[in-house]
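Let's take a walk through this one together, pockets before core. Have the viewer open and follow along.

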Amino acid sequence: MQIGALPLVPYVLGRPELARSLPALDGLGEVQVLDPLAHASTRFGRLLNAANGLAFGTLGMPLWVQLDCATLPSAYHGFALPRDAVDDAQWAELEAAYARIRPERSRAGLDGYDGLVPVSGFCAVRTPDPDTIVAFSLFSILRGFGLGVRTKALGLLAHGASRQMGATQYDNPAIRVHTAFGSLEVVAPRAHGHAQPDKSFVYGLDVPDADTLRARIADGRRDQSGAAVGEVFEPIDDTIARRLAARVENGAPLRIAPPGVVEQDDGAHLVLA
């Protein structure tokens with residue numbers, strides 16, 4: 001899949017028998033399925049973990065969580081580049097992040113690596129409701145190619161669910177990616193139990209149809225229409241969770257409308273429908 005100068009390869013990191021049970025990703029070229037339990041996939045999996053760490057910092061995913069909670073019961077979906085298509089600066093960042101995962105092995109673990117390099121990822125798990133998935137990891141380490149939107153669309157298409165839930169932070173640019181697929185229902189304005197409860201909220205999304213998801217994979221487009229008249233702009237600051245919780249307590253349903261976040265003279269604002 002060629003996007004500009006990037007020869008992107010769609011991948012699935014998950015047990016092959018589970019990956020094959022998901023809806024087909026026809027029309028995307030050859031999708032590389034990697035088994036997280038195969039020795040040959042070890043460095044790819046750790047590079048994925050390193051890339052996730054670059055994107056999320058202190059909220060990066062431990063390796064055991066990536067295996068036990070992500071790639072065993074479900075799968076990562078995303079895009080990778082051939083090693084020779086990764087520029088030197090990006091590779092140096094990934095090497096350093098890889099070394100932090102396994103410091104005793106340092107950079108020697110990547111010497112001579114010429115396999116695929118994951119540059120984005122999306123993971124979701126199924127729930128007892130067969131139509132609902134919970135997504136808990138979406139990242140991209142390349143800017144300017146719409147990879148966040150393309151990657152989420154890829155994962156949503158692969159799972160074939162009609163409803164997606166997840167948690168994110170009010171100051172996370174990913175809100176703009178999530179609202180590329182429609183408005184978000186604010187299920188909980190404060191994510192109790194989260195490592196950053198006052199900065200995080202739980203949302204629900206009605207997943208668009210397969211044709212729309214394929215279009216988002218192809219174009220990476222976000223909703224550019226801007227906020228409509230009558231929508232409310234809530235300043236994003238340390239009190240936003242408390243303010244929105246008060247709205248909910250007063251019986252006001254909350255939805256975040258595309259484009260999710262807008263910049264005004266006094267800073268970033270959440271767009272509430």
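How much space lies in the second largest pocket? About 230 Å³. Keep in mind as you look that this is a predicted model. Thirteen is the number to remember for the walls of this second largest pocket: 13 residues line it, and Pro36, Gly45, Leu63, Gln66 and Leu67 lie nearest its centre. The elements that give two or more residues to that lining are H2 and helix H3 (63-71). H3 gives the most, with five residues. By character, the lining of the second largest pocket splits into seven nonpolar residues, five polar and one charged.

Now swing over to the largest pocket, with a volume of about 1,000 Å³. Its lining takes in 39 residues, and the closest to the centre are Phe56, Leu138, Phe139, Asn172 and Ala174. Quite a list of elements gives two or more residues here: helices H2 (42-56), H5 (147-159) and H6 (174-178), along with strands S8 (132-140), S9 (163-169) and S11 (200-206). S8 supplies the largest share of this lining, seven residues. Sort the lining of the largest pocket by type and you get 23 nonpolar residues, 14 polar and two charged.

Next, the packing. The largest nonpolar core has 69 residues, and Tyr76 and Leu270 are the ones with the most contacts inside it. H5 brings the largest share of this core, seven residues. Click on Leu270 and look around: leaving out residues up to four places away in sequence, Leu270 touches Tyr170, Ile175, Val232, Phe233, Glu234, Ile236, Ile240, Leu244, Ile256, Gly260 and Val261.

For a change of scene, find Pro253, in the loop between helix H8 (240-249) and strand S13 (255-264). Is Pro253 buried or exposed? Its relative accessible area is 74%, and since exposed means over 50%, Pro253 counts as exposed. Pro253 and Val186 are 67 residues apart in sequence, yet their C-alpha atoms are 7.9 Å apart in space.

Last, how far to trust what you see. The protein averages a pLDDT of 88, with 92% of the residues scoring at least 70. Among its elements, strand S6 (residues 116-118) has the highest mean pLDDT, 97, and strand S1 (residues 2-3) the lowest, 77. Where pLDDT is low, the predicted coordinates should not be read in detail.

Terms used. Residues numbered from 1 in each chain as written. Predicted model: local features only at pLDDT ≥ 70, side-chain atom pairs only at ≥ 80, totals over all residues. Heavy atoms only, no water. pLDDT = per-residue confidence, 0-100. Helix = DSSP H or I, 4+ residues; strand = E, 2+ residues; numbered from the N terminus. 1 Å grid on protein atoms, 1.4 Å probe; cavity = no way out; pocket = protein on both sides within 12 Å on 5 of 7 lines; lining within 4 Å. Points joined across faces, edges and corners; volume = space filled by probe spheres on them. Nonpolar A, V, L, I, M, F, W, Y, C, P; charged D, E, K, R; others polar. Core = buried A, V, L, I, M, F, W, Y, C linked by side-chain atoms within 4.5 Å. Buried < 20%, exposed > 50% of the residue type's maximum accessible area, 1.4 Å probe, protein only. Contact = heavy atoms within 4.5 Å.
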